[in-house]
Amino acid sequence: MPEHIAVADKKAEKAAYEGNKLTKRLRHHVGDAINDFNMIEAGDRVMVCLSGGKDSFALLDILLGLQKSAPIDFSIVAVNLDQKQPGFPAHVLPAYLESIGVEYRIVEEDTYSIVKRVIPEGKTTCSLCSRLRRGVLYRVAEELGATKIALGHHRDDMLHTLFLNMFYGGKLKSMPPKLVSDNGKHMVIRPLAYCREKDLERYAELRAFPIIPCNLCGSQPNLQRQVVKEMVNDWDKRFPGRVETMFTAMQNVVPSHLADAKLFDFAGLKVGDALVEGDTAFDKEEFTDPRPLDEDGKPRRAFSILDSRAKENACGG
């Protein structure tokens, strides 16, 4: 065999190995998130919001894979909101969804014109666009009988939102993995909560998803979110593991050592009360991760939705 062919074969073999490893990692991250937060239960009808971006494509693809091996039965319907942006390739998503055989609905609502009419040129459109889109999706979820609304936000989105609220909103608040919808009628879930954006980017390339860019918000490069994203990405490059540690902190909150009187009864605190973590304010702190981590810096789990076990009422078992 010629040397150049052998080299090409080795590269292809390595690429296939890395691709398989990435796929398994993402599947387990999604399975762990579903288990940890009881996102999907037996009989659920999950409406996956498909924007045409890498994250929502990956979300749908991974959920469809997990659906085949999950210990419970649940259905999936993909929904795309065509907001009538100029140049939007309306044929792409229907063709893709039909090719994979998933139930879907394309909803046509001209929210683009509303946003352009209400928001002055050059101003941020994301807030109004999101509110309009959210209202439409809640309505469609009710029409479809969906019990869960799955969004494609990932771990990095959650961290960026945390810093945005800290820097600009004065709140310790992020995107929760699971919450009740604004209208109080639906449960919103984020199964990609443990997934890294760079892994999702690689997965999109691997699966060759027909990505559709969002020209409406993508034309605004100076958004506060972009600034925060660049900050976090810089930390990730210069201090490997910092992003993973920050995300772990979001799961390891100590209210008694913050300053929110609504969250912890500081006023009623008395000598002799049971200690939560005690007074370590004058001690030299040793910063160690409280739980064993896997190779991706994520706390190890004892089980996942991929486990082979009898059908149960919840993915968490």
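Start by selecting helix α6, residues 155-169: of everything that feeds the nonpolar surface patch, this helix gives the most, with three residues. Keep in mind as you click around that this is a predicted model.

Phe167 is a good one to highlight, since it lies in helix α6. Now extend the selection to the whole patch: Met166, Phe167, Tyr168, Leu172, Val227, Val253 and Leu258. Switch on a surface and you have about 680 Å² of accessible area for these residues together.

Next stop, helix α2. Select residues 54-69, then add helix α3, residues 92-100. How do the two axes run relative to each other? They cross at roughly 10° and come within 13 Å. Angles under 35 degrees count as roughly parallel, so α2 and α3 are roughly parallel to each other. To see what fills the contact, show side chains for Phe57, Leu60, Asp61 and Leu64 on α2, and for Leu93, Tyr96, Leu97 and Ile100 on α3. Sorted by class, that makes seven nonpolar residues, one charged and no polar.

Hold on to α2 and swap its partner for helix α7, residues 197-207. Here the axes come within 9 Å and cross at roughly 75°. That falls in the 65 to 115 range, so α2 and α7 are roughly perpendicular to each other. On the α2 side, pick Lys54, Asp55, Ala58, Asp61 and Ile62; they meet Glu197, Leu200, Glu201, Tyr203, Ala204 and Arg207 of α7. Colour this contact by class and you get six charged, five nonpolar and no polar residues.

Last, the charged pairs. How many salt bridges does the structure hold? There are 22. For one of them, select Glu103 and Arg45, whose side chains meet at 2.6 Å, N to O. Glu103 sits in the loop between α3 and β3 (104-108), while Arg45 belongs to strand β1 (residues 45-49), so this pair ties together parts that are 58 residues apart in sequence.

Definitions and conventions
Residues numbered from 1 in each chain as written. Predicted model: local features only at pLDDT ≥ 70, side-chain atom pairs only at ≥ 80, totals over all residues. Heavy atoms only, no water. Axes fitted to C-alpha atoms, helices over the stretch in contact; angles between N-to-C directions. Helix = DSSP H or I, 4+ residues; strand = E, 2+ residues; numbered from the N terminus. Parallel < 35°, antiparallel > 145°, perpendicular 65-115°, else oblique. Contact = heavy atoms within 4.5 Å. Nonpolar A, V, L, I, M, F, W, Y, C, P; charged D, E, K, R; others polar. Patch = residues over 30% accessible without salt bridge, like charges linked within 9 Å, V, L, I, M, F, W, Y side chains within 5 Å. Areas by Shrake-Rupley, 256 points an atom, 1.4 Å probe, with all protein chains shown as cover. Salt bridge = Lys/Arg side-chain N within 4 Å of Asp/Glu carboxyl O.
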